[in-house]
Protein chains: 2
Amino acid sequence: MLDPQRLSIHQVTLPPSLATPAFVELLARHRVPATSLWREKTRAHGVAATARLVADHGIALTGYCFAGLIASPDPSEAAAARDDVRRALDEAAQLRAPCVVFVAGGVDARDRDIAAARARVLDGLAELVPHARAVGVRLALEPLHPMICATRSVLSTVKLANDWCDRLGAEDAVGIAVDTYAVWWDPEIGREIARAGARICSFHVSDWLADTQDLRLDRGMPGDGVIDLAGLRRQVEEAGYRGHVEVEIFSQRNWWQRDPDEVVRTIAERAQVAL
Amino acid sequence: MLDPQRLSIHQVTLPPSLATPAFVELLARHRVPATSLWREKTRAHGVAATARLVADHGIALTGYCFAGLIASPDPSEAAAARDDVRRALDEAAQLRAPCVVFVAGGVDARDRDIAAARARVLDGLAELVPHARAVGVRLALEPLHPMICATRSVLSTVKLANDWCDRLGAEDAVGIAVDTYAVWWDPEIGREIARAGARICSFHVSDWLADTQDLRLDRGMPGDGVIDLAGLRRQVEEAGYRGHVEVEIFSQRNWWQRDPDEVVRTIAERAQVAL
C-alpha cells in the first residue's frame with residue numbers, strides 16, 4: 001500500500017492529446033501530489049509558463065523527461081546532443097525538477113561496436129557533470145530495456161549504470177533512475193539496486209503485459225502484468241530510497257485511448273493493491 | 001569470411017510452408033552441409049523418416065530445436081514438461097543431433113516471483129541431467145532475449161547460464177547455446193563468453209534490425225542490422241568454439257515471404273561478408 005503522498009504520475013501516462021494545463025488540473029483535481037513532465041510538451045507550452053502552472057497548483061516535480069541520445073560516432077552530432085542536454089538541465093532548474101532523465105542513445109549503423117558507443121556516452125557524461133552541478137539538477141541515468149538498445153539506449157542494466165557512476169565519481173550530479181519495466185527481468189537486479197543505494201533518485205513503475213505487442217508503447221497498468229512490483233519497491237526502499245513512486249505508462253492501444261480521469265483513478269486504486 | 005563447410009541453416013529460417021523433405025533437398029542443392037531441425041516439423045514428418053532423410057542427403061545436424069518450458073509453479077505441469085524434454089532428448093539421439101536447444105520457460109502470472117521461477121528451472125534441469133547423459137545428447141541452455149522473459153525464458157543472460165552450469169556440475173550433459181540476437185546488447189557478454197569456454201555447444205546468428213517490429217518474429221539477415229556479428233563470432237572462437245555457425249532467422253514480414261532458394265543464396269553470400 002503506497003502512501004498517496006508518495007504517488008507521482010508521469011505526464012506521458014495520459015493520452016498524448018491532453019495539453020499540459022489540462023494535465024496539471026487533472027492531477028490537482030485528483031490530489032496527485034507530484035509529476036514528472038515530458039520535455040516536448042513542456043517546451044510546447046513554454047518552460048516558464050509550465051513552471052508557474054505546477055507551482056500554482058502545488059504539484060511537485062519528481063523529474064524532467066528526457067534528454068540525452070549522445071552516443072553518435074560523429075563528433076559534431078555528439079557535441080550538439082550534449083548542448084541539448086545542458087539546455088534540458090537549465091529547463092529542469094527553472095521548473096525546480098530535481099533531475100533530468102538521461103537516455104543514453106542507441107547503436108549507430110555507422111559503427112556497430114557497442115562497447116565504443118558505451119565509451120562515447122560515458123565520456124560525454126563526464127563533460128556534462130560540471131553543468132549539472134552548476135545548475136543543481138542531477139542527471140538520472142536510466143537503464144532502458146535491452147529491446148530498445150539499438151534505437152534508444154546502450155545503457156541496458158543497473159550494473160552498467162553503477163559502473164558508470166563509479167567511473168564518474170560525481171554522486172552529487174549523477175544518479176540512477178530505476179524503471180521496473182526496464183529492469184525486472186535482470187538476474188542481477190537485487191544486488192545492483194543494493195549497490196546503487198543513494199544513487200537511486202527516481203523509481204518508475206509500470207507492468208509488463210504477458211502479451212506485449214510493441215517494443216516501446218505497450219506498457220501495462222500496475223497489476224495487469226507479471227512484474228513483482230511490490231518486491232522491486234521493497235528492494236529500492238531497502239537500498240535507502242524514500243522518494244516518490246512514479247507511474248509511467250506508455251500505452252498506445254489501451255490507456256492512451258481512455259478518459260484521463262479514469263486513468264488517474266485506476267492508478268490511485270492500483271497504488272493501494274499492486275505497489 | 002566463413003568457411004562454407006561451417007555453415008548451418010536452421011530450419012525455421014525458411015518459410016513455414018516448406019515441408020521437411022523439400023527443406024532437406026534445398027540444403028543439399030545449395031551444398032549447405034548442416035542444419036538444426038525444428039522439432040514440430042520433425043515430428044510432423046516423423047522422427048525416423050527425418051533421420052533417414054538427413055542421413056541420405058549427407059546433412060549433419062547441429063541441433064534439435066527446441067524443448068523445455070519447465071518453469072511452471074504447478075508440480076504436475078512441471079513434471080509433464082520435464083517428461084517432454086526427455087522425449088526430445090530421445091528424438092535428438094535418434095536424429096544424431098548433438099544437442100537439444102533448451103528454452104527455460106517464462107514467468108507465470110500465478111507466481112510473479114522470478115527468482116523462484118529460475119530456481120524451479122535449475123532444479124528441473126538437475127533432474128534432466130541423467131537422461132541427457134544416458135542418451136548422449138547435451139542440453140544446450142539458450143539464454144533468450146529479456147524481451148521474451150515473460151513468455152519464453154527466464155534464462156536471460158549468458159552469465160546466468162554459466163551460473164547454472166557451475167551449479168549443475170554436468171559439463172558432459174549441459175552446454176550453452178549463444179545466440180547473437182539474444183545477447184548482443186549485454187555489457188557483460190565478452191567476459192561471459194570467455195567464461196563459458198567449452199560449454200559453448202551452439203552458435204546461432206541473426207541480426208537486430210534497427211526498426212524491429214515484433215518481439216519474436218522480426219529477426220534480420222546478417223548484415224542488415226546493427227549487431228557486430230563478426231566480433232561476437234571472434235569472441236566465441238577465442239573461447240574455443242570450433243563448431244558450425246548456425247543462421248537462425250525468424251522473419252515473418254520478410255524472409256518467410258521469399259523464395260526458399262533466394263533465402264539460402266542470400267545467407268551463403270552474407271556468410272562471406274557479414275560473419
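Visitor: In this predicted model, what runs through the strands of chain B, and with which pairing?

Guide: Chain B holds a closed barrel of 8 strands with parallel pairing, in the order β1-β2-β3-β4-β5-β6-β7-β8. On average, neighbouring strands of this sheet are turned by 30° against each other, direction ignored.

Visitor: How do you know that strand β1 of chain B pairs with strand β8 of chain B?

Guide: Two strands pair if at least two bridges are found between them. Here β1 (residues 7–10) and β8 (residues 245–247) of chain B run parallel and are joined by 3 bridges, so the requirement is met. At one position, B:Leu7 stands opposite B:Val245 in β8(B).

Visitor: Turning to chain A, why is this chain called as compact as a globular protein of its length?

Guide: The radius of gyration of chain A is 18 Å, whereas the globule rule gives 19 Å for 275 residues; the two values are close, and therefore the description applies. Chain A contains 10 helices and 8 strands, and its C-alpha atoms fill a box of roughly 45 × 40 × 35 Å along the principal axes. Of its 275 residues, 53% count as buried.

Visitor: What makes strand β2 of chain A mostly covered?

Guide: A residue is buried if 20 or more other C-beta atoms lie within 10 Å of its own. In β2 (residues 34–38) of chain A, 5 of 5 residues are buried. Both faces are covered: A:Ala34, A:Ser36 and A:Trp38 lie on one side, and A:Thr35 and A:Leu37 on the other.

Visitor: Which strands of chain A are joined to β2(A) by bridges?

Guide: Strand β1 (residues 7–10) of chain A runs parallel to β2(A) and is joined to it by 3 bridges, with A:His10 opposite A:Ser36. Strand β3 (residues 60–68) of chain A pairs with β2(A) in the parallel sense over 5 bridges, and A:Leu61 is the bridge partner of A:Thr35. In addition, β1(A), helix α1 (residues 20–29) of chain A and β2(A) make a right-handed β-α-β unit.

Visitor: Why is A:Arg31 called exposed, and why is A:Arg96 called partly exposed?

Guide: A residue is exposed if 12 or fewer other C-beta atoms lie within 10 Å, buried at 20 or more, and partly exposed in between. A:Arg31 has 12 such neighbours and is therefore exposed. A:Arg96 has 14 and is therefore partly exposed. In chain B, B:Ala230 in helix α9 (residues 229–238) has 15 C-beta neighbours inside 10 Å, so B:Ala230 counts as partly exposed.

Visitor: What makes the backbone of A:Arg31 and A:Arg96 noteworthy?

Guide: Most residues other than glycine have a negative phi. A:Arg31, in the loop between α1 and β2 of chain A, has a positive phi of about 55° although it is not a glycine. A:Arg96, in the loop between α4 (75–95) and β4 (99–103) of chain A, likewise has a positive phi, of about 60°.

Visitor: Which kind of peptide bond joins A:Cys65 and A:Phe66?

Guide: Most peptide bonds are trans. The bond between A:Cys65 and A:Phe66 is cis, with omega about 0°, and A:Phe66 has its place in strand β3 of chain A. A cis peptide bond also joins B:Cys65 and B:Phe66, with omega about -5°.

Visitor: How many residues does each chain give to the contact between chain A and chain B?

Guide: Chain A gives 23 residues and chain B gives 23 residues. On the side of chain A that touches chain B, the residues divide into 15 nonpolar, 5 polar and 3 charged.

Technical notes. Residues are numbered from 1 along each chain as its sequence is written. Chains are lettered from A and ligands numbered from 1 in the order in which they are written. This is a predicted model: local features need pLDDT of at least 70, side-chain atom pairs count only at pLDDT 80 or more; totals for chains, interfaces and linings use all residues. Two residues are in contact if their C-beta atoms, placed from the backbone, lie within 7 Å. Ala, Val, Leu, Ile, Met, Phe, Trp, Tyr, Cys and Pro count as nonpolar, Asp, Glu, Lys and Arg as charged, and the others, Gly among them, as polar. Helices (H or I, at least four residues) and strands (E, at least two) are DSSP runs, numbered from the N terminus. Axes are lines fitted to C-alpha atoms, for helices over the stretch in contact, and angles run from 0 to 180 degrees between N-to-C directions. The radius of gyration is taken over C-alpha atoms; the globule rule is 2.2 Å times the number of residues to the power 0.38. A crossover is right-handed if, with the strands pointing away from the viewer, the path from the first strand over the helix to the second runs clockwise.
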